[in-house]
Amino acid sequence: MPDQIWALVMFALVATGSPGGATTLATASGARFGYGRSVPLILGMVLALAGLVAVSGVGLAATLQTAPVLELSAKAVGSIYLIWLAARISLAGPPSPTQTDEETPISLVSGVILLMVNPKAWAMALGVASSFSKLASSPLVLGGILALVFALSACLSLTIWALAGGLVARWLSAEWHWHLFNGTMALLLTVSIIQLWV
């Protein structure tokens, strides 16, 4: 059992730390708003991921495997939303000294929604539920273990990505630097969506 826990921890760290939609958004938010103002986004994504893997551990994986149209629909809706976000990021210029309502950071609720429509998160949650299903005899205990491990891993990973974004922002002194950075973040977000369909 301890070996399985360590395997789960390593899996969670790699899965939450690897580049994808959530890490790209955390990096972009850290660069644009700083770490402190990115915390609601990070917490929203952490809470949503913990809930998603918990529900998957309890039984969502089996349900989605019997109804593939639900999984396909979630992928399609999530991909469309993430493409819209990528377009928004790519069109953003440098942050203005006086931030308007349009330039407010992503909220906790929006972070939850963003993670829930992220196809990579769904695939990861379903994969981890089936891969580590023998970790606990009770589905509720399994869901709790998965939620705790993924919440802690995601919190650490997204914090590192947001802080990295904040460090990168210090080097973005010209307007074209911001356009290049935003374009790169949008491209990475789009590539993470394409990978799910290939």
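# A walk through an eight-helix chain

Helix α5 gives the most to the nonpolar surface patch, with three residues. Keep that patch in mind while you get your bearings; the tour comes back to it shortly. One note before you start clicking: this is a predicted model.

**Stop 1: the whole chain**

Show the chain as a cartoon and colour it by secondary structure. You should find eight helices and zero strands. Read from the N terminus, the order of elements is α-α-α-α-α-α-α-α. Now switch on a surface: the chain exposes about 10000 Å², and carbon and sulfur atoms supply 73% of that area. Of its 198 residues, 44% count as buried. If you like contact maps, here is a number to go with yours: among contacts between residues at least 6 apart in sequence, 85% join residues at least 24 apart.

**Stop 2: the nonpolar patch**

Select L43, L47, L108, V109 and I113 and colour them on the surface. Together these residues make a nonpolar patch of about 430 Å². Which helices each supply at least two residues of the patch? They are α3, residues 35–66, and α5, residues 108–116.

Zoom in on V109, which lies in α5. Is V109 buried or exposed? Its relative accessible area is 53%, and the cut-off for exposed is over 50%, so V109 counts as exposed.

**Stop 3: the largest nonpolar core**

Hide the surface and go inside. The largest nonpolar core has 49 residues, and L8, L49, L115 and F150 are the ones that touch the most other members. Every one of these helices supplies at least two residues of this core: α1 (2–17), α2, α3, α4 (68–91), α5, α6, α7 (139–169) and α8 (175–197). The helix that gives the most to this core is α7, with 11 residues.

Centre the view on L49 and show what surrounds it. Setting aside residues up to four places away in sequence, L49 touches T16, L115, A121, M124, F150 and A154. Two names here, L115 and F150, were also in the list of residues that touch the most other core members.

**Stop 4: helix α6**

Next, select residues 119–131, which form α6. This is a nice place for a quick geometry check. At 1.5 Å a residue, its 13 residues should span 18 Å; the end C-alpha atoms are 18 Å apart, so the model agrees with the expected span. Then pick out the buried residues of α6: P119, A121, W122, M124, A125, L126, V128 and A129. You have just met A121 and M124 as contacts of L49.

**Stop 5: where α1 meets α7**

Select S153, found in α7. With 5% relative accessibility, S153 counts as buried. Which residues does S153 contact, leaving aside its neighbours within four places in sequence? They are V9, A12, L13 and T16. For a distance to draw in the viewer, try the C-alpha atoms of S153 and A15: these residues are 138 residues apart along the chain, yet their C-alpha atoms are separated by 8.8 Å.

Step across to L13, in α1. At 32% relative accessibility, L13 counts as partly exposed. Apart from its neighbours within four places in sequence, L13 is in contact with S153, L156 and S157. A second distance to draw runs from L13 to C155: 10.0 Å, C-alpha to C-alpha, with their positions 142 residues apart in sequence.

**Stop 6: along α2**

Finish with α2, residues 21–33. Start at T27, which lies in this helix and, at 7% relative accessibility, counts as buried. Its contacts, without neighbours within four places in sequence, are W161, A162, G165, F181 and M185.

Move on to S29, also placed in α2. S29 is buried, at 4% relative accessibility. Not counting residues up to four places away in sequence, S29 touches G34, S38 and L41.

For the last selection, jump to V168 in α7. Its relative accessible area is 25%, so V168 is partly exposed. How far apart are the C-alpha atoms of V168 and A31? They are separated by 6.5 Å, although the two residues are 137 residues apart along the chain.

Note on methods: Residues are numbered from 1 along each chain as its sequence is written. This is a predicted model: local features need pLDDT of at least 70, side-chain atom pairs count only at pLDDT 80 or more; totals for chains, interfaces and linings use all residues. Side-chain values use heavy atoms; hydrogens and water are left out. Helices (H or I, at least four residues) and strands (E, at least two) are DSSP runs, numbered from the N terminus. Buried means under 20% relative accessible area, exposed over 50%, partly exposed in between (1.4 Å probe, protein chains only). Contact means heavy atoms within 4.5 Å. The expected span of a helix is 1.5 Å times one less than its number of residues. Patches are made of residues with over 30% relative accessible area and no salt bridge: like charges are joined within 9 Å, nonpolar side chains (Val, Leu, Ile, Met, Phe, Trp, Tyr) within 5 Å. Accessible areas come from the Shrake-Rupley method with a 1.4 Å probe; for residues, only the protein chains shown count as cover. A salt bridge is a side-chain nitrogen of Lys or Arg within 4 Å of a carboxyl oxygen of Asp or Glu. A nonpolar core is a set of buried Ala, Val, Leu, Ile, Met, Phe, Trp, Tyr and Cys residues joined through side-chain atoms within 4.5 Å.
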